[in-house]
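Subject: Structure handover

Hi,

Here's the structure I promised to pass along. Have a look at it first, then read on for what turned up when I went through it.

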Amino acid sequence: MLKELLYATKRYYHLFKTGLLDGLRAEFTYNFPARKLTILTITGTDGKTTSSTMLYEVLKAAGIKVALLSTVAAYLGDEKIDTGFHVTSPQPGDLQAFMRKMVDQGYTHLVLEVTSHGAYQHRTWGVTPTVAGVTNIAHEHLDYHLNYDNYVHAKSLILKKAPIVVLNADDQSYYKLADRIPVDRTMITYSASATLPKKVSKAISNKFNESFNQQNARLVYAMSRAAHVEDKDFITGIQSFSGISGRMEKISIKKPFEVVVDFAHTPQGLEAAMGALRSRLTKKGRLIAVFGCAGLRDFKKRPLMGKIAADLADLSIFTAEDPRTEDVWSIIRQMKEQLTTGHDRIISIADRQEAINFAINSVAKKDDIVGIFGKGHETSMCFGTTEYPWSDQEAVKIASASK
């Protein structure tokens, strides 16, 4: 009962403090720009940014004047702009200002990545999507939402606003979400087993080796069809998609092995990323994983991620990842709690640069793959209450140059 009370207090605090009132004020200030835009939103646990960027490329290929707001970047057409938002869903005033700029410059469509926090905190106030899609809903943010049902409910808040909703029929969230969608909405599903037009299916399989990216592409196809995009434009958009910083990003170094940086920071994301990298190994190659778990975030996922690493990696190096005010060694200990075997394939190095140095200079050999997970595109890491400059990509280059 106490947990539920605290949960409600937190939710309604954000409702009045950072969402509803700010949203109303911003709408009036910028003269309701969302009413003049076709907005397509994507939410979910993993794959939001990739899917949003992919959809943006597809709409561009169709000749649509489209903008993108995602975790990694904001684009007006081909122009990358600095938003300074630092969160997936910007605050209402920032979002309304961005949409006002779009309208003034003649843009007609916006692809918007939305988080559960953003939905609960009413950051998307005034936004009514034409099409809303979901990638998946896995184990994440339960420090904020307390349980899975609350998390699903938060995701449903943006979905149920849209006249067209696209759900993942393969995901555990499907039935829970479907029950929350009003009966007067058009509900479209996608799945790995659904039959696609031959040319579309071939374009997806040729572009993406990873099953999770193929699933992301299926979501984008369903949403683009709902937005009246032709198959030929979908194919062109998929072919022009060049990937995203920190999403299965291969880092070029002069070593006889591969180094990949990926944002995987959830159990589902880590398992998918490691599985994809394992499938690329030669017979002699090994998978070496470097990652941690964030402090002051869902602690229940820590042992789950430790177990996944023990099962899928040949060697795992547990390290720091935004420990904030928690002790790094305490987090690492929790990552090991479900391990009954595989302790001999786990190394703990609290300093993330030292962990990456060790993986690249002391462990990895020819044909191995080093996967560095959790930070992806991020450019800072939090210790205590201070954000310090950090880049996994730069850390790899420092490591490769140090020996």
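To start with one helix: which residues are buried in helix α8 (residues 198-207)? They are Val200, Ala203 and Ile204. Looking down the axis of α8, the buried residues fall within an arc of 95°, so they line one face of the helix. Turn to the face pointing away from that buried side and you'll find the exposed residues Lys198, Lys199, Lys202 and Asn206. As for what covers the buried residues of α8, the cover includes α9 (211-226) and α10 (231-240).

Before you go further, bear in mind that this is a predicted model.

Now the overall picture. The protein has 403 residues, and 57% of them are buried. Its secondary structure comes to 15 helices and 16 strands. If you take the contacts between residues at least 6 apart in sequence, 74% of them join residues at least 24 apart. The accessible surface comes to about 17,800 Å², with carbon and sulfur atoms accounting for 52% of that.

You may want to look at the second largest pocket too. It holds about 210 Å³ of space. Of the 18 residues lining it, Thr53, Glu57, Tyr75, Gly243 and Ile244 are the closest to its centre. Helix α2 (residues 48-61) supplies the largest share of the lining, with five residues. By type, the lining of this pocket splits into seven nonpolar, seven polar and four charged residues.

I also went through three single positions.

Alanine 399 sits in helix α15 (residues 392-401). Is this residue buried or exposed? Alanine 399 is buried, with a relative accessible area of 0%. Setting aside neighbours within four places in sequence, alanine 399 is in contact with Gln353, Ile356, Asn357, Ile360 and Asn361. For one of these partners there is a backbone distance as well: the C-alpha atoms of alanine 399 and isoleucine 360 are separated by 6.7 Å, with the two positions 39 residues apart along the chain as the sequence offset.

Proline 163 belongs to the loop between α6 (148-159) and β7 (164-168). Its relative accessibility is 41%, so proline 163 counts as partly exposed. Not counting residues up to four places away in sequence, proline 163 touches Pro129, Thr130, Arg185 and Thr186. Threonine 186 is 23 residues away from proline 163 along the chain, and their C-alpha atoms are separated by 6.1 Å.

Finally, threonine 325. Where is it placed? Threonine 325 is in the loop between β12 (315-318) and α13 (328-335). With 52% relative accessibility, and the cut-off for exposed being over 50%, threonine 325 counts as exposed. Apart from its neighbours within four places in sequence, threonine 325 is in contact with Leu296, Gly384 and Thr385. Threonine 325 and phenylalanine 383 are 58 residues apart in sequence, while their C-alpha atoms are 6.6 Å apart in space.

That's what I have for now. Over to you!

Cheers

Conventions:
Residues numbered from 1 in each chain as written. Predicted model: local features only at pLDDT ≥ 70, side-chain atom pairs only at ≥ 80, totals over all residues. Heavy atoms only, no water. Helix = DSSP H or I, 4+ residues; strand = E, 2+ residues; numbered from the N terminus. Buried < 20%, exposed > 50% of the residue type's maximum accessible area, 1.4 Å probe, protein only. Contact = heavy atoms within 4.5 Å. Areas by Shrake-Rupley, 256 points an atom, 1.4 Å probe, with all protein chains shown as cover. Arc of directions from axis to C-beta. 1 Å grid on protein atoms, 1.4 Å probe; cavity = no way out; pocket = protein on both sides within 12 Å on 5 of 7 lines; lining within 4 Å. Points joined across faces, edges and corners; volume = space filled by probe spheres on them. Nonpolar A, V, L, I, M, F, W, Y, C, P; charged D, E, K, R; others polar.
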